[in-house]
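I'm opening a notebook on a structure I haven't looked at before. I'll jot down what I look up, one topic at a time.

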Amino acid sequence: MHSTQEYNKVGTLSIVNPLVLETLEKLIGKKKRTAKISFDSDLQQIYSAVTVKSIQAGETLIKNLLDFGRSIELILDTYFPIVAEKLGSHWVSDKLTFAEVTLALGNLQLLNSKFEPLYLSNPSSTQHGGKILIVIPKGENHTFGPISVTRKLRNMGTQTILALDYQKIELEKLLLENTFDLIGISSGNNFMTDKINGLVDLFKTRAEKTTPVILGGNIVNTYKKTNETLKVDLISRDPEFALDKMGIKHVKGN
């Protein structure tokens, strides 16, 4: 069994329910045939690199995958979240120790940081409009998904800020000093309903204008099981759909 201390520590490393922002079919369908054929193999190689090899080996692997036709979007938006979810599952099932999962997730985050500039250097990442705030409620134990959706929104030409591990006064300052076109809340748990509604109340009273609030994350798949009423304006895991629905200007996906 894992200690409370271990659970709290690993809570900052996002091992549960990462956002997969597009269906695998849509992402892989854009790529070369080799990407579809080697999908499972790619995932296994990344998993192996972050768990039993060095970060340098991981960097070499990602560069090779890019050379062989995998896109940076496929690697960061699909491969990495799936590997993170697998690591979380293997920790829960005791297939990996706490130390092994901590190290692997740290390696995955380092690789994400290393290759994110390449993702954001795509032509579509030039800002065209739409200022967005993404917030992870206090008490959530995931960060990988919101980081991924923030990157994706930036790549769609929006100005997106991610607020995590914040103090309330810092969040209030953001709302007072910025006029957002959209505020997103990322959550993976039904028991966060009260905190989500509390954030919505804060956003509605502090924002200079009526700003739509959208809820995303794994809770999108399970929120109907809760008896609470969510005060958000839209519930969706599809960022492009959310932007279109709220009339936010952005670069259209292919």
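**Helix 8, length check.** I began with helix 8, residues 144-155, in what is a predicted model. Its 12 residues, at 1.5 Å each, should span 16 Å, and I find the end C-alpha atoms 17 Å apart, which agrees.

**Helix 8, buried or exposed?** Next I looked up how helix 8 sits in the structure. I count 10 of its 12 residues as buried, so helix 8 is largely enclosed by the rest of the structure. On my list of buried ones are Phe144, Gly145, Pro146, Ser148, Val149, Thr150, Arg151, Lys152, Leu153 and Asn155. Just past the end of helix 8, I noted Gly157 with a positive phi of about 95 degrees.

**Thr150.** I picked one residue of helix 8 to follow up, Thr150. Its relative accessible area is 3%, and the cut-off for buried is under 20%, so Thr150 counts as buried. What does Thr150 contact, leaving aside its neighbours within four places in sequence? I found Ile134, Thr160 and Leu162. For Leu162 I also looked up the spacing: Thr150 and Leu162 are 12 residues apart in sequence, and their C-alpha atoms are 6.6 Å apart in space.

**The sheet.** Those contacts sent me to the strands. I see 5 strands in an open sheet, ordered 2-1-3-4-5, with parallel pairing. Which strands stand at the edges? They are strand 2 (159-163) and strand 5 (234-235); each has a single partner strand, so one side of each is left without a neighbour in the sheet.

**Strand 1.** I spent a while on strand 1, residues 131-135. It runs parallel to strand 2, and 5 bridges join the two. Across that pairing, Lys131 stands opposite Gln159, and Ile134 stands opposite Leu162. So both residues of this last pair were already on my contact list for Thr150.

Strand 1 also pairs with strand 3, again in the parallel sense, over 4 bridges. There I noted Leu133 with Ile183 of strand 3 as its bridge partner. With 4 of its 5 residues buried, strand 1 is largely enclosed by the rest of the structure.

**Helices across the sheet.** Back to helix 8: it lies across strand 1, strand 2 and strand 3 (182-186), and runs at about 165 degrees to strand 2. Helix 9, residues 168-177, also lies across strand 1, strand 2 and strand 3, and I get about 165 degrees between helix 9 and strand 1.

**Nonpolar cores.** I then went looking for the largest nonpolar core, which has 30 residues. The members that touch the most others are Ile46, Tyr79, Phe80, Val83, Leu87 and Leu108. Which elements give two or more residues to this core? I have helix 4 (39-52), helix 5 (55-67), helix 6 (72-92) and helix 7 (98-120). The largest share is from helix 6, with 10 residues. Apart from this core lies another one, of 20 residues, and among them are Leu133, Tyr166, Val213 and Leu230.

**Helix 5 against helix 6.** I checked how these two helices cross. Their axes come within 9 Å, at roughly 125 degrees, and helix 5 and helix 6 are therefore oblique to each other. On the helix 5 side, the contact is made by Ile62, Leu65 and Leu66; on the helix 6 side, by Ile72, Ile75 and Phe80.

**Asp94.** Following the chain on from helix 6, I stopped at Asp94, in the loop between helix 6 and helix 7. Its phi is near 65 degrees, a positive value in a residue other than glycine. Asp94 has 53% relative accessibility, so I put it down as exposed.

**Asn197.** My last single residue was Asn197, in helix 10 (residues 193-206). Buried or exposed? Asn197 is buried, with a relative accessible area of 8%. Not counting residues up to four places away in sequence, Asn197 touches Thr229, Leu230 and Lys231. I had met Leu230 before, in the core of 20 residues.

**Whole chain.** To finish, I took down the overall numbers. The chain has 11 helices and 5 strands. Of its 254 residues, 52% count as buried. Among contacts between residues at least 6 apart in sequence, 77% join residues at least 24 apart.

How values were computed. Residues numbered from 1 in each chain as written. Predicted model: local features only at pLDDT ≥ 70, side-chain atom pairs only at ≥ 80, totals over all residues. Heavy atoms only, no water. Expected span 1.5 Å × (residues − 1). Buried < 20%, exposed > 50% of the residue type's maximum accessible area, 1.4 Å probe, protein only. Core = buried A, V, L, I, M, F, W, Y, C linked by side-chain atoms within 4.5 Å. Contact = heavy atoms within 4.5 Å. Pairing = 2+ DSSP bridges. Axes fitted to C-alpha atoms, helices over the stretch in contact; angles between N-to-C directions. Parallel < 35°, antiparallel > 145°, perpendicular 65-115°, else oblique.
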